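Hi everyone, thanks for coming. I'd like to walk you through a structure that's new to most of you, so let me put it up on the screen.

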Amino acid sequence: MNFSYTEEQTSVRKVVRTFVDREIIPFIKEWDEKGHFETNILKRLADLQLMGVCIPEEYGGVGMDYNTLAIVCEELERGDTAFRTAVSVHTGLNSMTLLQWGTEEQKRKYLVPQAKGEKIGAFGLTEPNAGSDVAAMETTAVKDGHYYLLNGSKTWISLCDVADHFLIFAKTNPGEMHKGISCFIVERSFSGVSTKAIKGKLGIRAGNTGEVFLDNVRVPAENLLGYEGEGFKIAMAALDNGRFTVAAGACGTIMASLEASVKYCEVRKTFGKEIGRHQLVQQMIAKMSANLEISRLLVFKAGWLKNMGKRNTQETSVAKWISCDAALEAANDAVQIHGAYGFSNEFPVERYLRNAKAPVIYEGTREIHTIMQGEYALGYREDKPLRKMLPSWPFEEILIKG
């Protein structure tokens, strides 16, 4: 086991941290208050080659390992969850899914411009009546010659108003439950596609989240991702990648909460001494510090398995569950340490707390992940080999082998 960062990873962390300090943190309070999603941040991330950091160079990316993506997500969430979410959805849920399941033609047409940041990708699985119960989805896809006609709607879709490409899951055989779901690459430009942002969110107000409506959308048959009926497996594999980035982002929330709390402990005094000298405050700081280490280890173990080309559903699930719970606790403790000031947006910790609630809900609620881990421990759940796996790293070795 090697717990040290490579020179490339250290360099990437420094680049993203500098970017966050200069281009997100000075403006995020205003964006959060106004519910404004700053699309220029995506352009700047593309300029820094961070929208396809773990996509092979052959497909327009930088070709770094999967744990480098985790570092990017961690540092972005230190600035705000909205921008980590953007990378999670664009890279983790969409681009990495295309890398794993796409045909060569699909990768050339859709993955290459996404990896370069020239086009933005989103992911459409959740519906008004189908969240954790994926088989309850009502969106349909009916074969019509060389096309599929898609009808239905998706909700809580990040980047809904800015994405160029969507991975949309729909039922091609409604009577088959999970086995009747298929996945399609849908372009915003297709007739019948419309979107609407959701307002009034508790947190991640600086992010773009909303609904996608599909009204007799004609999707070319060549835009079917994988096989008909393979959509559920594709969705679950995509969530392995999305949950990995969410877990990494949660480390960023813990880190931000810890940094803000330590800074406040140095300037705030009560009863004649810095509040950091009080043992119960030290206890909260200690929990943040320990949970940051624990969460990072869980995340990087999942990333290591990805680098090895191995299934990591169990490891990614526990990383997502534990790190997101720890992030919510860290943000809550950070507000407590700040006292009454923590209840005001004069300090960033109230935003951390609002933002930290969403990740314990999306991409598998904490309850879903608890059940999954119980089933793994009891031997009720077993991950079977997939028809296609995410490429192992370094990518050059895979490409040479064909």
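Let's start with Arg13, which you'll find in helix H1. Keep in mind throughout that this is a predicted model.

So, is Arg13 buried or exposed? Its relative accessibility is 14%, and buried means under 20%, so Arg13 counts as buried. Who does Arg13 touch, then, if we leave aside the neighbours within four places in sequence? The contacts are Tyr5, Ile71, Glu74, Glu75 and Arg296. To give you a feel for the spacing here, the C-alpha atoms of Arg13 and Ala70 are separated by 9.9 Å, and those two residues are 57 residues apart along the chain.

Two of those contacts deserve a second look. With Glu75, the Arg13 side chain makes a side-chain polar contact at 2.7 Å. With Glu74, the Arg13 side chain forms a salt bridge, 3.1 Å from N to O. Glu74 belongs to helix H4 and Arg13 to helix H1, so this salt bridge ties together parts that sit 61 residues apart in sequence. And both of its ends, Glu74 and Arg13, are buried.

Stay on helix H4 for a moment, residues 66-79, because that's also where Arg78 lies. Arg78 has a relative accessibility of 9%, so it counts as buried too. Its side chain makes a polar contact with the side chain of Glu259, at 3.1 Å. What else does Arg78 touch, not counting residues up to four places away in sequence? There's a whole list, including Arg17, Val20, Asp21 and Ile25, and also Gly252, Met255, Ala256 and Tyr352.

Now let's talk about salt bridges across the model. How many are there? The count comes to 25 salt bridges. One of these pairs is Arg84 with Glu77, whose side chains meet at 2.6 Å, N to O. Both Arg84 and Glu77 are buried.

Another pair is Arg218 with Asp144, at 3.2 Å from N to O. This one links distant parts of the chain: Arg218 is in strand E7, residues 209-220, Asp144 is in strand E2, residues 140-144, and they're 74 residues apart. Arg218 has a relative accessible area of 40%, so we call it partly exposed. Asp144 comes in at 35%, so it's partly exposed as well.

And here's where our opening residue comes back. Salt bridges that share partners join Arg13, Arg17, Asp21, Glu74, Glu75, Arg78, Glu259 and Arg296 into one network. So if you click through those residues on the screen, you're following that network.

Back to Asp144 and its strand. E2 pairs with strand E3, residues 147-158, through five bridges, and the two strands run antiparallel. Which residue stands opposite Asp144 in E3? That's Tyr147. E2 and E3 form a hairpin with two residues between the strands, and there Gly145 takes a positive phi near 65°.

Next stop, strand E4, residues 165-171. Why do I say this strand is largely enclosed by the rest of the structure? Because seven of its seven residues are buried. In a regular strand, the side chains alternate between the two faces of the sheet. Here, His165, Leu167, Phe169 and Lys171 point one way, Phe166, Ile168 and Ala170 point the other way, and all are buried.

E4 has strand partners as well. Strand E1, residues 121-124, runs parallel to E4, with four bridges joining the two. If you want a landmark there, Gly124 stands opposite Ile168. Strand E5, residues 181-187, runs antiparallel to E4, and seven bridges join that pair. A landmark for this pairing is Cys183 in E5, the bridge partner of Phe169.

Let's finish on the outside. Met1, Phe3 and Leu297 make a nonpolar surface patch of about 460 Å². Phe3 is found in the segment before helix H1, which covers 7-23. Is Phe3 buried or exposed? Exposed means over 50%, and Phe3 has 61% relative accessibility, so it counts as exposed.

That's the tour. Happy to take questions.

Key
Residues numbered from 1 in each chain as written. Predicted model: local features only at pLDDT ≥ 70, side-chain atom pairs only at ≥ 80, totals over all residues. Heavy atoms only, no water. Buried < 20%, exposed > 50% of the residue type's maximum accessible area, 1.4 Å probe, protein only. Pairing = 2+ DSSP bridges. Patch = residues over 30% accessible without salt bridge, like charges linked within 9 Å, V, L, I, M, F, W, Y side chains within 5 Å. Areas by Shrake-Rupley, 256 points an atom, 1.4 Å probe, with all protein chains shown as cover. Salt bridge = Lys/Arg side-chain N within 4 Å of Asp/Glu carboxyl O. Polar contact = N/O pair within 3.5 Å; in protein donor to acceptor, adjacent residues only side chain to side chain. Contact = heavy atoms within 4.5 Å.
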